[in-house]
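Please take me on a guided tour of this structure while I have it open in my viewer. Tell me what to select at each stop and what I will find there.

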Amino acid sequence: MPAALPTVCLIGAGSSGIAVAKALHEHGVPFDCLEASDRVGGNWVFGNRNGMSAAYRDLHINTSRDRMAYSDFPMPASYPDYPHHAQIAAYFEDYVDHFGFRDHILFETSVQHVARRPQGGYDVRTADGTTRSYDVVLVANGHHWNPRWPEPAFEGADTFTGRQMHAHAYVDNTIFAGRRALVLGMGNSAVDIAVEASYVADRTFLAARRGAWIIPKYLFGRPSDQLKNDPRIPFKIRQRVIHGIVRLHTGDLTRYGLPRPDHRFGEAHPTVSGRLLDRIQHGRITPKPNIRRLDGGQVEFADGTHEDVDVIVYCTGYKITFPFFDVDFMSAPDNRIELFRRVFHPDHDDLAFVGLLQPLGAIMPLAEAQGQWLAAYLTGAYALPPRDELLADIAADQRAMHRRYVASKRHTIQVDFDDYLADLAAEREAGARRAQARGNALPVPHRVADAPRTAAAVAA
C-alpha cells in the first residue's frame with residue numbers, strides 16, 4: 001500500500017538524481033528531490049546557477065550518444081555520436097517531462113544539513129531555514145564539483161606571477177589567446193583543455209604526472225565504446241585484446257613525447273581523445289614531465305627544463321564530499337567510502353548513494369540501474385544480504401579494486417561499465433529471492449510524520 005511506503009529525500013537532480021526520481025515515481029514511492037539549481041542536469045548545465053558544474057563552453061561528451069542514453073529513452077537520432085553539453089542538458093529536461101515527475105523536484109532548494117534521528121529517519125534542513133523529516137535519504141550530489149588542487153602545492157606556487165586555476169573554473173580558450181599555456185594532467189579534462197588551448201595559445205605545454213592510455217573516439221569506423229565487451233569473458237582476456245587494438249591504433253606513446261603508462265590497459269582510467277596525438281604531431285602541444293617547481297613567471301619541470309608560462313590549469317581531479325553531513329557521521333577521506341555495490345551504506349538501512357562511481361563509459365545507465373534497484377528495495381521487492389555477507393562483499397570489492405587499479409585518489413570508485421551492470425542484475429535476482437522468502441516485508445518502514453511536498457503543492 002502506498003501509504004505504508006517510506007518517504008524519501010533525494011538530494012540532487014543531476015543525471016543520476018533524475019534517473020532515481022523516475023524509478024521512485026514509477027513505483028509509487030513518495031519522495032522529494034531537492035535541487036540547488038533552477039533546472040535539472042547538474043554537471044551538464046553550462047554556467048549552472050548552483051556553481052558546481054564543470055562544463056565548459058565547447059565541451060562534448062567523450063562517451064557515445066547510444067552508450068550514455070537511458071535504456072527506455074533514446075537520445076534523438078539527430079544528435080551526433082558525441083553530443084555537445086547543450087544537447088545533453090536538453091535531453092535531461094526532456095527525460096523529466098516525458099516521464100512526468102517534474103512536480104517532485106524542488107528547485108533552488110539547497111540542502112544545508114542532514115541529521116539522522118535516533119530511531120531512524122532524517123531531519124533535512126534547507127537554505128530557506130525549513131526542516132523536513134524523511135524516512136530515507138538518497139544522495140546524488142555528484143563527485144565532480146569540489147576541486148582537488150595539487151597536494152602538496154608546488155614550491156613557488158604562492159609567488160608565481162602568472163595565472164593559476166583549476167579545471168573546474170575553466171570556461172573557454174580565450175584565456176590562452178596569445179599566451180603560453182600549461183595544462184597539468186593526463187585525464188579527459190586535461191587533454192580537452194590542452195587541445196582547445198593549442199588553437200589560440202602562443203605555446204601549449206601538457207605536463208603529465210604519470211602516463212595514460214589514449215583511446216581514440218573511433219575504432220573500426222564506430223565509436224570506440226561500442227566495441228563488444230562481454231563480461232562473461234575473463235577480464236584478462238578482454239584486457240589483452242583491447243590493449244592490442246589500442247596499441248595498433250596509437251603505436252608507442254613515447255614516440256609523441258608522452259610518458260609510457262606505468263600500468264597495463266584497464267588498470268587505470270584511460271583518456272579518450274580523437275585530437276591530442278594530432279595536435280602533438282603538428283607541434284601545437286608540447287608534452288612535458290611533471291612540474292618540479294614554479295619560479296616567478298617560469299615553470300621548472302622534473303627533467304630540469306624551464307619554460308615561461310602565463311597560465312597554468314590544474315586538472316588534478318575532485319574531492320568526494322558531502323557538505324550536508326557532519327564529518328563524524330559520513331565522509332569520504334582520501335575519496336574512500338565503502339558501500340555495498342557502491343550504493344548501500346552498511347550501517348544504515350535508510351541511507352544510500354547514487355552515481356558514486358567512475359566507469360569507463362557514461363554513468364547514466366549505471367545510475368538508472370541503481371535507481372531501479374533502490375525502488376525495488378524500498379517497496380520490498382528486493383532484500384539486502386545478511387550483514388556478515390554484506391560486509392564480506394564490501395571487503396572483497398575493496399581488495400579486488402586495490403589489486404587491479406593504480407593506487408590514487410582517482411581510482412577509489414572505479415568500475416567496469418558492463419561488468420557492473422551484469423553483477424548488479426545478478427544481485428537483484430538474488431535479492432528478489434531473499435525478499436520473497438521474507439514475505440516482501442518493507443526493509444524501512446514509514447516512521448516519520450512529515451509527508452513529501454511536491455513542487456505543485458508548494459506553489460499552491
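Start by selecting D66, which is partly exposed because its relative accessibility is 48%. Now add R65: its side chain joins that of D66 in a salt bridge, with 3.1 Å from N to O. R65 itself is buried, at a relative accessible area of 14%. Keep in mind as you go that you are looking at a predicted model.

**More salt bridges**

How many salt bridges does the structure hold? The count is 28, and a few of them make good stops.

Select D230 and R232 next. Their side chains meet in a salt bridge of 2.7 Å, N to O. D230 is buried, with a relative accessible area of 13%, whereas R232 is exposed, at 72%.

Then move to R293 and E300, whose side chains form a salt bridge at 2.8 Å, N to O. Is E300 buried or exposed? E300 is buried, with a relative accessible area of 10%, while R293 is partly exposed at 26%.

For a network, select R39, E93, D97 and R102 together: salt bridges link these four residues. Keep R39 in mind, as it returns later in the tour.

**Two domains and what lies between them**

Colour the protein chain by domain. Domain 1 takes in 8-146 + 318-438, and domain 2 covers 149-314. If you place a marker at the C-alpha centre of each domain, the two markers will be 29 Å apart.

Now show the contacts across the boundary. On the domain 1 side 38 residues take part, and they touch 29 residues of domain 2. How much area do domain 1 and domain 2 bury between them? The figure is about 2800 Å², with 47% of it on carbon and sulfur atoms. The size of an interface is often given in this way, as the accessible area lost when the parts come together.

Between domain 1 and domain 2 there are 2 salt bridges. While you are in salt-bridge mode, select D419 and R238 as well: their side chains meet at 2.8 Å, N to O.

**A nonpolar patch on the surface**

Switch to a surface view and select I233, I237 and V241. These three form a nonpolar patch with about 230 Å² of accessible area together. V241 belongs to helix α5, residues 235-250, and its relative accessibility of 48% makes V241 partly exposed.

**A helix enclosed by the rest**

Go to helix α4, residues 188-198. Why can this helix be called largely enclosed by the rest of the structure? Because 10 of its 11 residues are buried. Among the buried residues of α4 are N188, A190, V191, D192 and I193; A194, V195, E196, A197 and S198 are also on that list.

To see what covers them, show the neighbouring elements. The cover includes the strands β9 (180-184), β10 (203-207), β14 (271-272) and β19 (311-314), along with helix α6 (276-281).

**A buried glycine**

Select G431 in helix α9, residues 417-437. G431 counts as buried because its relative accessibility is 0%. Which residues touch G431, leaving aside its neighbours within four places in sequence? They are A381, Y382 and A383.

Here R39 comes back. Draw a C-alpha to C-alpha distance from G431 to R39: the two are 35 Å apart in space and 392 residues apart in sequence.

**Backbone details to finish**

The last stops concern the backbone. Most residues other than glycine have a negative phi, and most peptide bonds are trans. With that background, look at three places.

- Select E151 and P152: the peptide bond from E151 to P152 is cis, with omega near -10°. P152 sits in the loop between β7 (136-139) and β8 (163-166).
- Select E108: this residue is not a glycine, yet its phi is positive, at about 50°. You will find E108 in the loop that runs between β3 (105-106) and β4 (111-116).
- Select N335: its phi is also positive, at about 65°, although N335 is not a glycine. The loop between β19 and β20 (351-353) holds N335, and at 6% relative accessibility N335 counts as buried.

Notes
Residues are numbered from 1 along each chain as its sequence is written. This is a predicted model: local features need pLDDT of at least 70, side-chain atom pairs count only at pLDDT 80 or more; totals for chains, interfaces and linings use all residues. Side-chain values use heavy atoms; hydrogens and water are left out. Buried means under 20% relative accessible area, exposed over 50%, partly exposed in between (1.4 Å probe, protein chains only). Patches are made of residues with over 30% relative accessible area and no salt bridge: like charges are joined within 9 Å, nonpolar side chains (Val, Leu, Ile, Met, Phe, Trp, Tyr) within 5 Å. Accessible areas come from the Shrake-Rupley method with a 1.4 Å probe; for residues, only the protein chains shown count as cover. Helices (H or I, at least four residues) and strands (E, at least two) are DSSP runs, numbered from the N terminus. Domain bounds come from an automatic or database domain assignment. Contact means heavy atoms within 4.5 Å. Buried area is the accessible area (1.4 Å probe) that two parts lose on being put together, summed over both.
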